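User: Please take a close look at one part of this model, the surface near the DNA, and follow the elements that build it in one connected answer.

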Amino acid sequence: MTIHNQEIADRLERAADLLEIGGSDAFRVRAYRQAAQTVSGLAQSLADQVENGADLNELPDIGQNMAEKIATIARTGELPQLDELEETLPAQLSELMQLSGLGPKRVKALHQDLGIDNLDDLKQAVDQQRVRQLEGFGRKTEETIAEHLARRQGQETRTRLMEAEEVADTLARDLDGIEGVQQLTVAGSFRRRKETVGDLDILVTAEEGSAVMERFTGHEEVREIVSQGETRSTVVLRSGLQVDLRLMPEAAYGAALHYFTGSKAHNIAVRRMGVERGLKINEYGVFRDDERIAGRTEEEVYASVDLPYIEPVLREHQGEIEAAQQDRLPQLIELDAIRGDLHCHTRASDGHESPRAMAEAGAERGYAYLAITDHTQNLTVAGGLDEARLREQIERIDRLNDELGGRITVLKSAEVDILADGSLDLPDSILEQLDLCVCSIHDKLDRSREQQTERVLRAMDNPNFSILGHPRGRLIGKRDPYDLDLERVLAGAAERGCFLEVNAQPKRLDLSDADCRLAKEMGVKVAISTDAHSSTNLDYIRFGVDQARRGWLEADDVINTRSLEALRTLLKR
DNA sequence: GCCGTTTTCGGCCCGACTGTTTTCAGTCG
């Protein structure tokens with residue numbers, strides 16, 4: 001059985017929790033957490049790497065000891081140190097740590113003094129008002145625990161970026177209108193454009209802050225005020241999304257922006273560099289002794305530790321600091337580099353508009369080309385095209401191109417189903433008349449890793465195969481990716497001259513950021529496409545570009561930054 | 001547990017807010 005990276009990360013995280021509850025050295029605990037984060041951010045299978053004798057010690061902040069622990073988990077699924085910990089402390093104490101307001105000290109007290117081993121025990125103790133009797137706890141703390149216990153019932157805590165963006169835009173507009181507000185930025189993982197965000201961090205500079213704070217905590221969307229201070233308040237919106245507002249002096253804007261954009265691991269690394277240079281870096285600036293020497297802009301903060309500016313999308317402590325030091329940060333792809341969209345649907349299958357409407361919308365966005373990729377016959381629920389209907393579609397697009405007079409070129413294409421045996425669901429005789437084929441898996445998602453990988457590789461053997469659509473098949477927060485050996489798929493794509501898609505649908509974002517990085521490392525270019533089902537969906541492209549940027553991709557790594565001629569050349573296999 | 005232009009030992013990011021306290025510990029980001 002192959003151990004997945006996430007399973008390795010989970011074990012390290014659990015070990016960190018139990019070590020912390022047991023009162024272990026805080027820096028050792030941090031090392032485990034940092035390792036867990038690094039591991040979960042990798043697209044390559046660590047189990048495979050370990051098998052191939054890779055040196056995990058080369059990963060950032062993973063030393064010899066941690067590398068051995070990871071290798072042990074990867075090989076055996078077990079971590080002896082974790083087993084030992086679980087002999088002295090119940091494993092489920094780790095779950096208590098997830099509860100907001102409960103940290104290691106309180107969990108330890110709950111366990112030692114009240115014999116609480118798990119969430120059920122805790123619920124019972126809260127109901128019997130036994131928690132408030134503990135030293136250091138009180139009525140209020142017990143009530144907070146009760147609330148969080150009630151709320152966590154089946155609730156997914158992370159919000160997809162697009163939904164977060166709607167909320168952020170509304171709040172930002174309302175707060176930005178207040179007199180005296182100078183600058184307002186939504187920072188945090190939102191600014192780093194993570195595919196999901198846990199909360200929103202809004203950073204404001206203003207001459208007079210109290211009006212902003214009042215407007216914020218009194219906003220009609222607010223369900224609950226978690227905390228409220230002069231410079232920082234936290235609320236929960238009716239949607240369940242938590243929002244923090246921080247008020248900062250103008251002169252500290254850059255330092256605050258850096259601080260609140262995170263990631264935490266990135267910040268710690270930067271501050272550590274500050275310490276090495278005798279500097280103290282916090283949200284108010286960069287200080288030597290008590291003198292502020294920088295902080296108005298983020299550039300100043302980075303410059304104080306001899307680094308160039310690092311884009312927010314890269315600040316995940318996944319090697320960006322080392323890259324910056326060595327002057328090899330990527331020139332990240334920009335939205336305006338996109339010359340066309342290579343995946344969209346029309347009324348011919350499950351889209352909502354005509355090919356013409358989609359083409360016009362593409363032209364309005366300045367695109368040189370747009371591929372119409374309606375579903376094919378295997379996907380009956382979407383009204384997939386059979387051979388005859390695809391032939392009609394081809395003729396329709398030929399006529400449409402004549403009518404458009406070169407304002408935009410509509411590419412003849414289809415989103416072709418990859419059948420379980422790896423064959424495509426329309427004959428080559430029709431597929432070879434298309435400009436390109438986006439090929440996707442839509443059924444039999446539960447096949448084994450070996451079967452699914454073979455299925456894709458066999459499909460790529462077909463010379464008409466151009467781009468693997470939504471390669472992982474995941475739906476964020478709803479459906480796990482199907483089991484696929486992405487490294488083998490990428491190697492296969494590299495050999496055969498195929499491409500992988502970065503599907504820009506906010507619910508998909510598939511490839512992921514880590515997958516993009518792996519694709520680049522393995523020399524496979526991607527297409528960033530929206531999978532639009534209506535003309536407005538074409539705007540989703542920005543989510544795809546953000547994901548690609550998080551994956552360190554440059555314009556050259558993305559085929560639809562090419563001119564039509566250059567694209568046609570790339571598509572020839 | 002990690003790491004090295006001060007170091008192979010001895011450091012390790014830093015401040016705000018809350019609740020339970022009578023000056024601070026715990027938690028969070």
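Analyst: Helices (H or I, at least four residues) and strands (E, at least two) are DSSP runs, numbered from the N terminus. The model is predicted, so local features need pLDDT of at least 70 and side-chain atom pairs count only at pLDDT 80 or more, while totals for chains, interfaces and linings use all residues. Residues are numbered from 1 along each chain as its sequence is written, chains are lettered from A and ligands numbered from 1 in the order in which they are written, and side-chain values use heavy atoms, without hydrogens and water.

DNA strand B is surrounded by 44 residues, where a residue is near if one of its heavy atoms lies within 4 Å. The closest of these are Gly 63, Gly 101, Gly 138, Tyr 259 and Arg 271. On the side of the nucleic acid, sugar and phosphate make up 72% of the atoms of DNA strand B that come within 4 Å of the protein.

Helices and strands both contribute to this surface. Those that supply at least two residues each are helix H2 (26-40), helix H4 (64-76), helix H7 (104-114), helix H9 (139-151), helix H14 (264-276), strand S5 (222-228), strand S7 (242-248) and strand S8 (280-282). H2 gives the most, with five residues. By residue class, the surface divides into 17 charged, 14 polar and 13 nonpolar residues. Here Ala, Val, Leu, Ile, Met, Phe, Trp, Tyr, Cys and Pro count as nonpolar, Asp, Glu, Lys and Arg as charged, and the others, Gly among them, as polar.

Three contributing elements can be tied to particular phosphate oxygens of DNA strand B. Within H2, an N or O atom in the side chain of Arg 28 is 2.8 Å from a phosphate oxygen. Within H7, Arg 106 uses a backbone N or O atom, which lies 2.9 Å from a phosphate oxygen. Within S8, a polar side-chain atom of Lys 280 lies 3.2 Å from a phosphate oxygen.

S8 also leads from the DNA surface into a sheet. Three strands form this open sheet in the order S8-S9-S10, with antiparallel pairing (two strands pair if DSSP finds at least two bridges between them). S8 and strand S10 (291-294) stand at the edges with a single partner strand each, so one side of each is left without a neighbour in the sheet. From one strand to the next the twist averages 35 degrees (axes are lines fitted to C-alpha atoms, with angles from 0 to 180 degrees between N-to-C directions).

The connections within this sheet can be followed residue by residue. S8 and S9 pair in the antiparallel sense over three bridges, and Asn 282 has Gly 285 in S9 as its bridge partner. Two residues make up the hairpin that joins S8 to S9. Beyond it, strand S9 (residues 285-288) pairs with S10, again antiparallel and over three bridges, with Phe 287 opposite Arg 292 in S10. A hairpin with two residues between the strands links S9 and S10, and Asp 289 in its turn has a positive phi of about 55 degrees.

For context, chain A has 24 helices and 17 strands. Along its principal axes, the C-alpha trace of chain A spans about 80 × 60 × 50 Å. Elsewhere, seven strands form an open sheet in the order S11-S12-S13-S14-S15-S16-S17, with parallel pairing.

Note on methods:
A polar contact is a pair of N or O atoms within 3.5 Å; within protein, one must be able to donate a hydrogen and the other to accept it, and residues adjacent in sequence count only if both atoms are side-chain atoms.
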